[in-house]
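Here are some exercises to work through with the model open beside you. Try each task before reading its solution.

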Amino acid sequence: MAETFNRSAHSAAFEVAADLLAGSTHTVVLAGAGMSKESGIPTFRGEGGLWTINGEPPLNQYDTFSQDPGRWWERRLEEGRSDGFAQALEQSEPNNGHRALAELEDMGIVSHLITQNIDDLHRRAGQTSITEIHGNRYWLRCISCERRWPRQEYTIDEAALPPTCDHCSGVIKSDTVMFGEPIPPTALRRSGDETAQADLFMTIGTSALVYPAAQYPIEALQRGLPLIEINPEPTPLTELATVAIPGPSGQVLPALVELVRKRLANTVARKNHQED
Ligand SMILES: [Zn+2]
């Protein structure tokens, strides 16, 4: 439980993580459902997860879409967004962890975020350099040219379903990656390129078990990069991480940002002193 996290019991880990972040100019982050959960969004897998309770969605979701996208869109528009998950999403707000991560981007430390979350909370918190590897629930995507649009900015003509792309006439679908649907190649390329340029890797609120997302921290480790893990429970990466902080991101990240700010302020003060 979030309330029981005792920061002072992990002060050494905080110091190590703050040193690594303060020295980085290209941290790449992989964030997962743990961050969303702290904003009240149910997870899919694990105890109490939507799929654990309701069963996993059909594995041929994408086949169903591809076979008759027009029918899929009709159903989608009829159903609206009445399920509990949609309601939880609509009521959710970015938490302190999302905001602290966006601050690390502002500070020139985090240069890219690869997220498995589809809830738009990172963007709403101010993060700008993002790859949403499983898509974004509030966006649409052309399956041919991979152009993406916020759903609100796109008028769907219900008399001409499925909607098609103005640029290439390809079929437009919801941006969220369905079961059986390949992850869009541009998302994979961007994630790989950013990881290849990273000087530090950080995983937050993810067990890093689901591929392809799981491959990025492994690639970083193979290149000899330091790895920071922030996750309340141990994961297969915990043992491999340079430093692991077993707390909720909403508490850990703001505290880290505070420590990093102090370090950067000291560095500037020392530099000014030397120049005097
Ligand atoms: Zn297109």
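**Exercise 1: Two domains**

Find how many Å separate the centres of domain 1 and domain 2, and describe the side of domain 1 that touches domain 2.

*Solution.* In this predicted model, the centres of domain 1 and domain 2, taken over C-alpha atoms, are 31 Å apart. To locate them, use the domain assignment: domain 1 covers 1–41 + 94–135 + 183–276, and domain 2 covers 60–91 + 138–175. Next, look at where they touch: 7 residues of domain 1 are in contact with 7 residues of domain 2. On the domain 1 side, this contact has 2 nonpolar, 3 polar and 2 charged residues.

**Exercise 2: α1 against α11**

Work out how helix α1 is oriented towards helix α11, and which residues meet.

*Solution.* Start with the two helices: α1 spans residues 11–22 and α11 spans residues 249–275. Their axes lie 9 Å apart and the packing angle is about 55°. An angle of this kind is neither under 35 degrees nor within 65 to 115, so α1 is oblique to α11. The crossing of α1 and α11 is right-handed.

Now list the partners. From α1 come Phe 14, Ala 17, Ala 18, Leu 21 and Ala 22. They meet Ala 255, Leu 256, Leu 259, Val 260, Arg 263 and Leu 264 of α11. Sorted by class, the residues of this contact are 10 nonpolar, no polar and 1 charged.

**Exercise 3: α7 against α11**

Do the same for helix α7: is α7 roughly parallel or oblique to α11?

*Solution.* Helix α7 runs over residues 96–106, and its axis is 7 Å from that of α11, at an angle of about 30°. Angles under 35 degrees count as roughly parallel, so α7 is roughly parallel to α11. The crossing here is left-handed.

On the α7 side, the contact is made by Asn 96, Gly 97, Ala 100, Leu 101, Glu 103 and Leu 104. Ser 249, Gly 250, Leu 253, Pro 254 and Val 257 contribute from α11. The class count for this contact is 6 nonpolar, 4 polar and 1 charged.

**Exercise 4: The sheet of 6 strands**

Trace the order of the open sheet of 6 strands and explain why β3 and β9 each have one side without a neighbour in the sheet.

*Solution.* Going across the sheet, the order is β3-β2-β1-β7-β8-β9, and the pairing is parallel. The edges are β3 (130–132) and β9 (243–245); each has a single partner strand, so one side of each has no neighbour in the sheet. Between neighbouring strands, the turn averages 15°, direction ignored.

For a closer look at one edge, take β2 (residues 110–115), which is joined to β3 by 3 bridges, the two running parallel. One pair to find is Ile 114 with its bridge partner Thr 131 in β3. Helix α1 packs on this sheet, touching β1 (27–31), β7 (200–204), β8 (227–230) and β9. The direction of α1 makes about 120° with that of β9.

**Exercise 5: The sheet of 3 strands**

Which strands are the edge strands of the open sheet of 3 strands?

*Solution.* The order is β5-β4-β6, with antiparallel pairing. The edge strands are therefore β5 (148–150) and β6 (172–174), as each pairs on one side only. Neighbouring strands are turned by 30° on average, direction ignored. Strand β4 (residues 139–142) runs antiparallel to β5, and 3 bridges join them. Within this pair, Arg 141 stands opposite Arg 148 in β5.

Methods. Residues are numbered from 1 along each chain as its sequence is written. This is a predicted model: local features need pLDDT of at least 70, side-chain atom pairs count only at pLDDT 80 or more; totals for chains, interfaces and linings use all residues. Domain bounds come from an automatic or database domain assignment. Two residues are in contact if their C-beta atoms, placed from the backbone, lie within 7 Å. Ala, Val, Leu, Ile, Met, Phe, Trp, Tyr, Cys and Pro count as nonpolar, Asp, Glu, Lys and Arg as charged, and the others, Gly among them, as polar. Axes are lines fitted to C-alpha atoms, for helices over the stretch in contact, and angles run from 0 to 180 degrees between N-to-C directions. Helices (H or I, at least four residues) and strands (E, at least two) are DSSP runs, numbered from the N terminus. Angles under 35 degrees count as roughly parallel, over 145 as roughly antiparallel, 65 to 115 as roughly perpendicular and the rest as oblique. A crossing is left-handed if the near helix is turned anticlockwise from the far one by less than a right angle, and right-handed if clockwise.
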